[in-house]
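Q: I am new to reading protein structures and would like a close look at a single part of this one. Could you walk me through it slowly, and then link that part to what surrounds it?

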Amino acid sequence: WHQAGGEKARLVVISTASGYADDADAEARFLGPWRKDQPRAQITLLHTRDRAAADQAEFSAPLRSATAVWISGGDQRRLWAAYGGTRVERELLKVVARGGIVAGTSAGAAIQSRTMITGGKGRRVELGQGFDLLPNAVVDQHFGERKRRSRLEAALAKHEDRFGLGVDEGTGAWIHLQKGKPWVQVVGRGEV
């Protein structure tokens, strides 16, 4: 949290991957825990399923001043369907470029690589397009718990110019790009 600005952090929570994002209590559901833990931070919910809205400057405005973005779990295809190729995607890339943090769980992790795993089991892998926040990577989530090594290997066999990150539940990869090369620190209870 310190890296995001501490009490002066400006956090944007993107809930679009979740099936609950459209519910009447979505703001309380997605922002409540953050506001409880960080009562002084500025926290904004960002959600739409309308690509035209996602491409509007007014809608993406919170991202222009964000020091951190949290992308919730759910289905990463929902994120791409709403934001891929829009101003929201471009603003997320700018958050990273200016040294901000973009993080997420489950779908929020998977969407971070341009080559995005959207489904599949074992050696059968379904691929789509993600945001390219982590260049040259393929990210898979729930890695150890759902035994997804073969799936990630199949994705990498199709994209040999990429590196893979398999992230266990309750675990994160803190990635810094230094001179164009990633430096990774594993945090949490599992492995990456």
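A: Here is a walk along one helix, followed by the strands and single residues that build the picture around it. Keep in mind throughout that this is a predicted model.

Let us begin with helix α1, residues 26–37. How far apart are its end C-alpha atoms? They are 18 Å apart, and this agrees with the 16 Å that 12 residues should span at 1.5 Å a residue.

Next, look around the helix. A26, F30 and L31 are buried in α1. These three cover an arc of only 70° around the axis, so they sit on the same side of α1. On the other side of the helix, A28, K36 and D37 are exposed. To call a residue buried, its relative accessible area must be under 20%, whereas an exposed one has over 50%.

What do the buried residues of α1 pack against? Their partners are two strands, β1 (10–14) and β2 (42–46). That gives us a path from the helix into the strands.

Follow β1 first. This strand runs parallel to β3 (residues 68–71), and four bridges join the two. If you want one pair to find on screen, I14 stands opposite I71 in β3. From β3 you can step across again, since four bridges join β3 to β4 (residues 101–104), also running parallel. Here W70 has A103 in β4 as its bridge partner. While you are among the strands, a general point may help: in a regular strand the side chains alternate between the two faces of the sheet.

Stay in β4 for a moment and pick out V102, which lies in this strand. Is V102 buried or exposed? With a relative accessibility of 14%, V102 counts as buried. Not counting residues up to four places away in sequence, V102 touches V69, I71, L92, V95, V96, Q112 and L133. Notice I71 among them: it is the residue that I14 stands opposite. For a sense of distance, V102 and K8 are 94 residues apart along the chain, and their C-alpha atoms are separated by 16 Å.

Now move along to S113, in the loop between α6 (107–110) and β5 (115–119). S113 has a relative accessible area of 0%, so it is buried. Its side chain has polar company: a polar atom there lies 3.5 Å from the backbone oxygen of A110. The backbone nitrogen of V139 is 3.3 Å from a polar atom of that side chain. Leaving aside neighbours within four places in sequence, S113 is in contact with residues including G130, F131 and D132, as well as V139.

After this loop comes β5, which is mostly covered: five of its five residues are buried. The strand pairs with β6 (residues 126–129) in the antiparallel sense, over four bridges. Within this pairing, I117 stands opposite L127 in β6. The two strands form a hairpin with six residues between them, and G120 in the turn has a positive phi of about 110°.

One more buried residue is worth a stop: E89, which lies in helix α5 (residues 87–97). Its relative accessible area is 6%, so E89 is buried. A polar atom of the E89 side chain lies 2.5 Å from the backbone nitrogen of G85. Leaving aside neighbours within four places in sequence, E89 is in contact with W80, Y83, G84, R114, G130 and F131. You have met G130 and F131 before, as contacts of S113.

For a contrast, find G5, in the segment before β1. With 35% relative accessibility, G5 counts as partly exposed. G5 and V125 are 120 residues apart in sequence, and their C-alpha atoms are 38 Å apart in space.

Finally, step back to the whole chain. It has seven helices and 10 strands, and buried residues make up 42% of its 192 residues. What is its radius of gyration? The chain has 16 Å, which agrees with the value near 16 Å for a compact globule of 192 residues. Its C-alpha atoms fill a box of roughly 45 × 35 × 30 Å along the principal axes. Among contacts between residues at least 6 apart in sequence, 63% join residues at least 24 apart.

Note on methods. Residues are numbered from 1 along each chain as its sequence is written. This is a predicted model: local features need pLDDT of at least 70, side-chain atom pairs count only at pLDDT 80 or more; totals for chains, interfaces and linings use all residues. Side-chain values use heavy atoms; hydrogens and water are left out. The expected span of a helix is 1.5 Å times one less than its number of residues. Buried means under 20% relative accessible area, exposed over 50%, partly exposed in between (1.4 Å probe, protein chains only). The arc is that of the directions from the helix axis to the C-beta atoms. Contact means heavy atoms within 4.5 Å. Two strands pair if DSSP finds at least two bridges between them. A polar contact is a pair of N or O atoms within 3.5 Å; within protein, one must be able to donate a hydrogen and the other to accept it, and residues adjacent in sequence count only if both atoms are side-chain atoms. The radius of gyration is taken over C-alpha atoms; the globule rule is 2.2 Å times the number of residues to the power 0.38.
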